[in-house]
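Here are a few notes to read with the model open beside you. They are grouped by region, so you can follow along one spot at a time.

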Amino acid sequence: MVCLGNICRSPMAHGILRSIAKTNGLEIEVDSAGTSSYHIGDPPDLRQQETALKKGIDISDLRARQFTVQDFDEFDLIYAMDDSNYNNLIALSRDEKDRSKLHMILNESHPGKYESVPDPYYGGSEGFELVYDLLNNACEIITKKLKDGTYG
Ligand code: 4NP
């Protein structure tokens, strides 16, 4: 799960997917990162933590890190939260194999549309709720596909 700062959208996606996967008995490794170095080592934004907790998801253990090219080797699926992150990841990719792992996360719920999860950082609390709703929907679909073995 990749966004810009790794303190709002991608830790929310990380927390949701690990929670849904656990509930479904799906053993997967979930991680998140930012394309920027702005918040390395920081916990998720308190506003995102509070929104998550209201939904029963604790993301207080997560710490921001920056995406590295080795992540293309470590992970099978890489989800960008918005088109800017997506383009940054394309720029970091080395070959078609790397690019084949890369997806816009909202293409899971709105296939082929390349819609972005809006950056909530400079807005009000409703932005963090919207992030949760969009990502929860997408992560439900990802989990179902992984569980059914119908990914791709
Ligand atoms: P995120 O949100 O990419 O969802 O973690 C942001 C966090 C920090 C900044 C921008 C977006 N920033 O400019 O510091």
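**Notes on the predicted model**

1. Let's start with what packs over helix 4, keeping in mind that this is a predicted model. The cover over the buried residues of helix 4 includes strand 1 (2-3), helix 1 (9-23), helix 3 (71-74), strand 3 (78-80) and strand 4 (102-104).

2. Which residues of helix 4 are buried? In this helix, residues 83-92, they are N85, Y86 and L89. Viewed down the axis of helix 4, these buried residues fall within an arc of 100°, so they line one face of the helix. That fits a general point: an α-helix has 3.6 residues a turn, so residues three or four places apart point the same way.

3. Do have a look at the N-terminal end of helix 4 too. D82 caps it, with a side-chain oxygen 3.0 Å from the backbone nitrogen of S84.

4. Now to the ligand. Its surroundings are C3, L4, G5, N6, I7, C8, R9, Y38, H39, D119, Y121 and Y122. A backbone N or O atom of I7 is 3.0 Å from a ligand oxygen, and a polar side-chain atom of H39 is 2.9 Å from a ligand oxygen. For Y122, a side-chain N or O atom lies 3.4 Å from an oxygen of the ligand. The protein covers 93% of the 350 Å² of accessible area that the ligand has on its own.

5. Finally, Q49 sits in helix 2 (residues 46-54). Its relative accessibility is 15%, so Q49 counts as buried, the cut-off being under 20%. Leaving aside residues up to four places away in sequence, Q49 touches P43, P44, I59 and S60. A polar side-chain atom of Q49 lies 2.9 Å from the backbone oxygen of P44.

Conventions. Residues are numbered from 1 along each chain as its sequence is written. This is a predicted model: local features need pLDDT of at least 70, side-chain atom pairs count only at pLDDT 80 or more; totals for chains, interfaces and linings use all residues. Side-chain values use heavy atoms; hydrogens and water are left out. Buried means under 20% relative accessible area, exposed over 50%, partly exposed in between (1.4 Å probe, protein chains only). Helices (H or I, at least four residues) and strands (E, at least two) are DSSP runs, numbered from the N terminus. The arc is that of the directions from the helix axis to the C-beta atoms. Contact means heavy atoms within 4.5 Å. A polar contact is a pair of N or O atoms within 3.5 Å; within protein, one must be able to donate a hydrogen and the other to accept it, and residues adjacent in sequence count only if both atoms are side-chain atoms. A residue is near a molecule or strand if one of its heavy atoms lies within 4 Å of it. Accessible areas come from the Shrake-Rupley method with a 1.4 Å probe; for residues, only the protein chains shown count as cover.
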